[in-house]
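Visitor: I would like a close look at the open sheet in this protein, and at how that part sits within the whole chain. Please take your time over it.

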Amino acid sequence: MTNQNNHQIEAIEAFAQTVLGYSSGQHVALMMHLGDRLGLYTAMQGQGVLTAAALAEHTGLQERWLLEWLRGQAAAGLIEHHGQEYFALSPAGAAVLTDESNPFYLAGFFHSIVSPETLTRITESFSSGLGMSYDAHGANCACGIKRMTGPGIKLLPLFLGRIDELTERLEAGINVIDIGCGAGLAMLELAKRYPQSTFLGCDPSPTAIEMAQADARQAGLSNLSFEVARAENLPQTAQYDLALTLDCIHDMTFPHHALRAIRGALKPEGLLFIADIKSSARIEDNLANPIAPLLYGLSVLYCMNSALSEPNGAGLGTLGFNPTLAQKMTAEAGFTRFEQLDFEEDPFNNYYLVRP
Ligand SMILES: C[S@@+](CC[C@H](N)C(=O)[O-])C[C@H]1O[C@@H](n2cnc3c(N)ncnc32)[C@H](O)[C@@H]1O
């Protein structure tokens, strides 16, 4: 009996530690958001060991606030503590938190903070079943997604270059569409690199498209345009040589219709290049993914939320478009060849090349 009680107490203590760990994580995440927003990681990058006073001098911010933030970041193991009140951002910390060209750049993950109003809306979704579109999250979300998916998108030219003769065709001039382009980073990168090709990005979010159009105007590119449009409504005129869907099929309310429309918009020899979150048809595999808690959280807040934002939405969610389903759904949409591509450089996505 006593042994049983001891076991129960130990189990409760261990469970409480787990829960406290998540509460700690929530607060550390908010501190990272502040650090990112205030430019503190960037300010510390390359500065070696420093004090709060030196950081205050460098940033023009208040020393006492910076000191408490530095202590918390040191407690979280994100900033090195060098004795007394001396701190440093390590080279690894700088790579992950300040270097946007690094595939492991993660500061963008802390950009979007879900507002209390959005959380209330989501509690209501658990009763109504209806979620909210990406656009309903506002500009901060579109910007956060751009920063979150940016490192993967920067790898795109490398990945497309591994597909037979695609670089040569892009250099010679082809017609490319990015469906569900969000704030348009992929098209912007490719349009700069391949001036002979024509690039169109489409997304149902006017907020994201406005951001994309502003960046395109600033870049002064004449081979790039963006428009507000849904995948399902693509004109069925077989005009594109290459279509991309980057981390968005699982967000769509009607992915079957979307894939069928993409098939109809591609030339007979065209290519559909799909990136979607690494996942499996087996729940056991998904639960074993070390970042599964993050991915399921993103799903309820954004991806499944979007995929259920209309009645009868498919609701696939972040881990829902797995390789088995991708092959089945693309075949049902009329594609005849399906290939999973092996791109180890991207830790988050699976890649597929699909042909009519
Ligand atoms: C996670 S974001 C990805 C954005 C961008 N492709 C990237 O990788 O940064 C998913 C995008 O899918 C878009 N989306 C949702 N439903 C869609 C639909 N039916 N047709 C096209 N895009 C859609 C959303 O508006 C959102 O911008």
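Guide: What follows starts with the sheet itself and then moves outwards to a helix beside it, a single residue, and the chain as a whole. Please keep in mind throughout that this is a predicted model.

The sheet is an open one built from 7 strands, which follow one another in the order β5-β4-β3-β6-β7-β9-β8, and the pairing among them is mixed. At its edges stand β5, residues 224-228, and β8, residues 337-341, and because each has a single partner strand, one side of each is left without a neighbour in the sheet. Direction ignored, neighbouring strands of this sheet are turned by 20° against each other on average. As a general point, strands of a sheet pair through backbone hydrogen bonds, either parallel or antiparallel. The antiparallel sense is the one found between strand β7, which covers residues 266-277, and strand β9, which covers residues 349-355, and this pair is joined over 6 bridges. To place this pairing on individual residues, one can look at Ala275, whose bridge partner in β9 is Tyr351.

Beside the strands, helix α11, made of residues 206-219, lies across β4 (198-203) and β5, and runs at about 165° to β5.

Another helix, α12, spans residues 255-265 and includes Arg260. Arg260 counts as buried, because it has 21 C-beta neighbours inside 10 Å, where 20 or more are needed. If its neighbours within four places in sequence are left aside, Arg260 is in contact with Ala333 and Gly334. Gln236 is 24 residues away from Arg260 in sequence, while their C-alpha atoms are 9.7 Å apart in space.

Turning to the chain as a whole, the domain assignment gives domain 1 as residues 2-103 and domain 2 as residues 116-355. The C-alpha centres of the two domains lie 33 Å apart, and 4 residues of domain 1 are in contact with 6 residues of domain 2. On the side of domain 1 that touches domain 2, the residues divide into 1 nonpolar, 2 polar and 1 charged.

The protein chain holds 15 helices and 9 strands in total. Its radius of gyration is 23 Å, close to the 21 Å that the globule rule gives for 356 residues, so the chain is as compact as a globular protein of that length. Of these 356 residues, 38% count as buried, and among contacts with a separation of 6 or more, 68% come from residues 24 or more positions apart.

Methods: Residues numbered from 1 in each chain as written. Predicted model: local features only at pLDDT ≥ 70, side-chain atom pairs only at ≥ 80, totals over all residues. Helix = DSSP H or I, 4+ residues; strand = E, 2+ residues; numbered from the N terminus. Rg over C-alpha atoms; globule rule 2.2 N^0.38 Å. Buried ≥ 20, exposed ≤ 12 C-beta atoms within 10 Å, placed from the backbone. Contact = placed C-beta atoms within 7 Å. Pairing = 2+ DSSP bridges. Axes fitted to C-alpha atoms, helices over the stretch in contact; angles between N-to-C directions. Domains from an automatic or database assignment. Nonpolar A, V, L, I, M, F, W, Y, C, P; charged D, E, K, R; others polar.
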